[in-house]
Amino acid sequence: MSALSERPASPVVGRAQPHESAALHVTGHALYTDDLTPRTKDVLHAWPVQSPHAHALVTALRTDAALAVPGVVRVLTAEDVPGINDAGVKDDEPLFPREVCFVGHAVCWVLGETQEAARRGAAAVEVGYEPLPSVVTLAEAVAAESFQGAQPTVERGDVEAGLARAAYTFHGELEMAGQEHFYLETNASLATVEDDGRIFLQCSTQHPSETQEIVAHVLGVMSSDVTVQCLRMGGGFGGKEMQPHGYAAVAALGAVLTGRPVRLRLNRTQDLTMTGKRHGFHARWRAGFDGEGRLEALEATLTSDGGWSLDLSEPVLARALCHVENAYWIPDVRVTGRVARTNKTSQTAFRGFGGPQGMLVIEDILGRCAPLLGIEPHELRRRNFYQDGQLTPYGQVITQAGHLERAWDQVTREAELERRRAAVAEFNATHEHLRRGLAVTPVKFGISFNLTAFNQAGALVHVYKDGSVLVNHGGTEMGQGLHTKMLQVAATSLGVPLERVRLAPTRTDKVPNTSATAASSGADLNGAAVKDACEQIQGRLAQVAAQRLGVPVPDVRFADGVVSGLGTTATVPWEDVVHSAYFARVQLFAAGYYRTEGVHWDSSVMRGSPFKYFAHGVAATEVEVDGFTGAYRTLRVDIVHDVGDSLSPLVDVGQIEGGFVQGAGWLTLEDLRWDESEGDQRGRLLTQSASTYKLPSFSEMPPVLTVRLLERAHEEGAVYGSKAVGEPPLMLAFSVREALRQACAAFGPEGTSVDLPSPATPEAVFWALQEAREGDVAGRGGAPVDGDVEPGAGPRPPGPDPGAPERRPESETALHELSEA
Ligand code: MTE
Ligand code: MOS
């Protein structure tokens, strides 16, 4: 066991603790950024002037009429920016643009005494536009060769040789939609100027240090002139990793220019129309299998819809490429990625960060090909699992294949999959208009930032004279329970009760140069830094205690607030040791630091070992589909998920449930639509509210949802043997999609391959089952396959490939049509 992963006696980590702010959350006492507005004097409110065009030059900007509106104090424009007029780090996101690039793009901002005054002022601003041609869909972007950023390839072996060697080859396309974060709290910033001109910014941000840097470069000041604090977020889900920076900068600029506090909080419509979402992706693929259904080769091109600027599109794409094989060994692989530039919001991080989009490709391939190979989908998946010692396509060695196998076996056993598969078959044989599907899918997700430098963290721990403890660390709290875990880590490493420890809000003047709280790495990185700080303090206190107890320093033990020594029954209360230490002039605070060892990544060749370890999970889902409407219900979900030795089991189970439901929303309900017409609404987000954008709610929750944490999963490489949990469970929802596919297939003859759109809304499910029912296996929605599969034909007998030339299906859905430039 490593020093990092080993737990002392009676650790506070591992106990089932409620979220540290649960009581505040449910009583409404928890403060979020915008709750500070009424507590602040003389606040001005900011309102944007938003572009009605998807793409246009700004030819004129007249603000006089706005300034004449009662209560309007100032209009912020490009001329006001003393530093760099850019909201990002790639120099492609002008904060006050001269060219608007999407419907909703803010041209300038109006400050008013009230929000209503600012809104009226914004309506009075006159903007002249010269419309330019726009690119709205991925297909249009490809046709126009509208791309941005790098076009990386992950490659291993000889993919053409692999495909030639394969007994069966298939090809196809998949287009998957993006996803709106729909955090409860929209983007919010509150900027104030201190007496000496320093800026203090309250911001709902996952990345306070980067918010600080961008505010500094917009204002033309140094980072030390700007302090960013994040109390907590009402959800981030990746949507507040880069997107808050520009809004924070507008608020800060307003505060500097007016000398008054400025509040910028997007209302829901503004947040939906201005901020980035999960990237939609298109994938074109060819896959080869041997005679037993083992993957031989995969060739794919992934095109993501990046929106108008790069933001995090490149790292999101890199993670997609590094997850395209999910849990499966593929000898010969070549996967190329590119980011389309479209006139939409700038798409950004979203739970899984491209991983879900990459993994969906292989799960879709397996789901479509299984019936054509004549192999049960669960059998096909299991047969292709990685084994220890094999390398991922980018060169990282697999060492925990057994974790996934155990999780798979446990789900199979405890969810009684064998018995229930028979029951589903029986149900389907005896019901005319209903079909059930039961699918099981694996998740393997890499933990660490691909960019090695981000894998570091800091903490600042204070012990006060009375023995109470205050912890600062670099991570932010967005509901995921990071602070709860950090309290448990601090209590464990100091050997004090949980009640002794408090957490302070995240601030850039306490812990500098932090990484975003992202990539699920918050607890790994900050937990190790907190532990380091606590151990420094404990090491000093051990000297003091050793003298009091008359034992050698290595024999001093701290647990539950009591300090004891090996070989003596004497004990000293923690508070007394602290008190003595202060009078002995022993330092009672420490800065902790951690960097992840052993990760490396060369983005120029897309090779390395970028992940400290993989998190694993398996989910089995049973659904029932109505043949008249395509409406479906999720009947039962069973999950076994690998969180290592859990730091906080209640928090982890909450993350698994929440991630699963959010993933199911992405794959089945949430249908982002943009106006793709040539009319004057072109480029407008059509799903601008919860009335048209369907989020998962109680009514979609499965009546049975069982979550178990994988046992014997101690992780050597992480704090107290734990593993990251934030993102990986989202991808457990693939099982819902695959169950729907199987239920649709059951409306057709045996061997029917179903091509399911994503999201698989009831409407999409209806058309998919309709095609299956018509026996149209190689038609509109059928999986394209080389060699002839006649409509209604049974499963293809295993055997050598007939060697027929690859052919495109006769027709594909418009959704899947994407003309190569
Ligand atoms: N859980 C809640 N309740 N709210 C959130 O915004 N964000 C997710 C996940 N779980 C999120 C959440 C995302 S995208 C990430 S990367 C992780 O939490 C970040 O926190 P961690 O690194 O502490 O796990
Ligand atoms: Mo999470 S998408 O890494 O913020």
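## A tour of two sheets and a ligand

Start with four strands. In this predicted model, they form an open sheet in the order β20-β19-β18-β25, and the pairing is mixed. Now colour the two ends of that row. They are β20 (501–503) and β25 (589–595), and each has a single partner strand, so one side of each is left without a neighbour in the sheet. Turn the view and follow the twist: from one strand to the next, it averages 25°.

What holds such strands side by side? Strands of a sheet pair through backbone hydrogen bonds, and the pairing is either parallel or antiparallel.

Select residues 469–473 next. This is strand β19, and it pairs with β20 in the parallel sense. Three bridges link the two strands. Which residue of β20 stands opposite V469? Pick V501: that is the one facing V469.

Stay here and add residues 522–549. You now have helix α15, which lies across β18 (456–463), β19 and β25. Look along β25 and compare directions: the helix runs at about 140° to that strand.

**On to the eight-stranded sheet**

Select the strands β3-β5-β1-β13-β10-β11-β12-β21, in that order. These eight form another open sheet, again with mixed pairing. Which strands sit at its edges? They are β3 (72–76) and β21 (506–507), and each pairs on one side only.

Zoom in on β3. Its partner is β5 (residues 106–112), and the two run antiparallel. Four bridges join them. Show R74, then L111 in β5: these two residues stand opposite each other.

Add helix α6, residues 208–219. The helix packs on the sheet and touches β11 (199–203), β12 (226–230) and β21. The direction of α6 makes about 145° with that of β12.

**The ligand**

Now centre on ligand 1. How many residues surround it? There are 17, and the closest are G236, F237, M478, G522 and Q655. Colour this shell by type: five residues are nonpolar, ten are polar and two are charged.

Try some distances. From a nitrogen atom of ligand 1, a polar side-chain atom of R351 lies 3.3 Å away. A backbone N or O atom of M478 lies 3.0 Å from a nitrogen atom of the ligand. For S520, take a backbone N or O atom again: an oxygen atom of ligand 1 is 3.5 Å from it. Then switch on the surface. Ligand 1 taken alone exposes 520 Å², and the protein buries 92% of that.

**Two backbone stops**

Most residues other than glycine have a negative phi, and most peptide bonds are trans. The last two stops depart from these patterns.

Go to S10, in the segment before α1 (22–27). Is its phi positive or negative? Phi of S10 is near 40°, a positive value, and this residue is not glycine.

Finish at P759, in the loop between α18 (734–745) and α19 (762–773). Show the peptide bond from S758 to P759: it is cis, with omega near 10°.

Key. Residues numbered from 1 in each chain as written. Chains lettered and ligands numbered in written order. Predicted model: local features only at pLDDT ≥ 70, side-chain atom pairs only at ≥ 80, totals over all residues. Heavy atoms only, no water. Near = heavy atom within 4 Å. Polar contact = N/O pair within 3.5 Å; in protein donor to acceptor, adjacent residues only side chain to side chain. Areas by Shrake-Rupley, 256 points an atom, 1.4 Å probe, with all protein chains shown as cover. Nonpolar A, V, L, I, M, F, W, Y, C, P; charged D, E, K, R; others polar. Pairing = 2+ DSSP bridges. Contact = heavy atoms within 4.5 Å. Axes fitted to C-alpha atoms, helices over the stretch in contact; angles between N-to-C directions.
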